[in-house]
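Student: I'm new to this one and would like to go through it slowly. Can I keep asking you how we know each thing?

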Amino acid sequence: MVPGRLAKAHESGDLVPAQWNWLRTAGEFSDERPLVEAVYADGRFAKFFPTLSHGTLRLRSVHTLQRFQEVCITPLSGDSYRVENPRLLDPTVVDSLRGALAVASEALASGG
């Protein structure tokens, strides 16, 4: 058995930076790259583990065992975005990426 990319990153203690790097450079994520780059460049989300699925960027804490934090950012038509906190029922729709980042940051800062 050969350890994969994430297993090696976890062993070295670089799990989150390795995942950000992969999402920012892998060819299969070229359509989502502007969203990933904007969230990464913002700086408030660097400690959260990012994943992409069906165009949605999910950010999740990795160092808290009892209470995790999570938020999802999904581009919609035009320049609007949906920001979801899985613990709340109603997502927030905003009309800009800047607004989405502000809502996501607030959700994560308040404990997700």
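**How do we know?**

Tutor: Let's begin with Pro34, which has a relative accessibility of 57% and counts as exposed. Keep in mind that this is a predicted model.

Student: What makes Pro34 count as exposed?

Tutor: The cut-off for exposed is over 50% relative accessible area. Pro34 comes out at 57%, so the label exposed applies. Pro34 sits in helix α3, and its C-alpha is 9.0 Å from that of Arg24, 10 residues away in sequence.

Student: What is exposed on that side of α3?

Tutor: Pro34 and Ala41 are exposed there, on the other side of the helix from the buried residues. The buried ones are Arg33, Leu35, Val36 and Val39.

Student: How do you know that the buried residues line one face of α3?

Tutor: Look down the axis of α3: its buried residues fall within an arc of 165 degrees, so they line one face of the helix.

Student: What do the buried residues of α3 pack against?

Tutor: Their partners are α2, β1 (49–53), β2 (56–60), β3 (70–75), β4 and α4.

Student: Let's pick one of them. Why is Val39 called buried?

Tutor: Buried means under 20% relative accessible area. Val39 has 0%, so it counts as buried. Val39 belongs to helix α3, residues 33–42.

Student: Which residues does Val39 touch, leaving aside its neighbours within four places in sequence?

Tutor: Val39 is in contact with Trp20, Phe45, Leu57, Leu59, Ile73 and Leu101. As for Pro50, its C-alpha lies 9.8 Å from that of Val39, with the two positions 11 residues apart in sequence numbering.

Student: Trp20 came up there. Which residues of α2 are buried?

Tutor: In helix α2, residues 15–25, they are Val16, Gln19, Trp20 and Leu23. These cover an arc of only 100 degrees around the axis, which puts them on the same side of α2.

Student: And what does the face of α2 turned away from its buried side carry?

Tutor: That face has the exposed residues Pro17 and Thr25.

Student: Is Ser105 buried or exposed?

Tutor: Buried. Its relative accessible area is 16%, and the cut-off is under 20%, so Ser105 falls on the buried side of the limit. Ser105 is part of helix α4. Leaving aside its neighbours within four places in sequence, Ser105 is in contact with Arg44 and Phe45.

Student: Then why does His54 count as exposed?

Tutor: His54 has 81% relative accessibility. Exposed asks for over 50%, so His54 counts as exposed. You'll find His54 in the loop between β1 and β2, and its C-alpha is 9.4 Å from that of Glu32, 22 residues away in sequence.

Student: What is there to say about the phi of His54?

Tutor: Phi of His54 is near 50 degrees, a positive value in a residue other than glycine. Most residues other than glycine have a negative phi.

Student: Where does Gly43 sit, and what phi does it take?

Tutor: Gly43 comes just after α3 and takes a positive phi of about 90 degrees.

Student: On to empty space. How is it found?

Tutor: Rolling a probe the size of a water molecule over the atoms shows where empty space is left. The largest pocket here has a volume of about 170 Å³.

Student: Which residues line the largest pocket?

Tutor: There are 12 lining residues, and those nearest the centre are Asn85, Leu88, Thr92, Val103 and Ala107. Both β4 (81–84) and α4 (97–109) supply at least two residues of the lining. The largest share, 3 residues, comes from α4. By type, the lining divides into 5 nonpolar, 4 polar and 3 charged residues.

Student: Let's step back. How many helices and strands does the protein have?

Tutor: Its secondary structure comes to 4 helices and 5 strands. Along the sequence they follow the pattern α-α-α-β-β-β-β-β-α.

Student: And how many of the 112 residues count as buried, in percent?

Tutor: That's 38% of them. The accessible surface comes to about 7,000 Å², and 53% of that surface belongs to carbon and sulfur atoms.

Student: What share of the contacts with a separation of 6 or more joins residues 24 or more positions apart?

Tutor: Those pairs account for 32%.

Conventions: Residues are numbered from 1 along each chain as its sequence is written. This is a predicted model: local features need pLDDT of at least 70, side-chain atom pairs count only at pLDDT 80 or more; totals for chains, interfaces and linings use all residues. Side-chain values use heavy atoms; hydrogens and water are left out. Buried means under 20% relative accessible area, exposed over 50%, partly exposed in between (1.4 Å probe, protein chains only). The arc is that of the directions from the helix axis to the C-beta atoms. On a 1 Å grid over the protein atoms alone, a cavity is a set of points where a 1.4 Å probe fits but cannot get out, and a pocket is an open set with protein on both sides within 12 Å along at least five of seven lines; lining residues have an atom within 4 Å of a point. Grid points are joined across faces, edges and corners, and a volume is the space filled by probe spheres set on the points. Ala, Val, Leu, Ile, Met, Phe, Trp, Tyr, Cys and Pro count as nonpolar, Asp, Glu, Lys and Arg as charged, and the others, Gly among them, as polar. Contact means heavy atoms within 4.5 Å. Accessible areas come from the Shrake-Rupley method with a 1.4 Å probe; for residues, only the protein chains shown count as cover.
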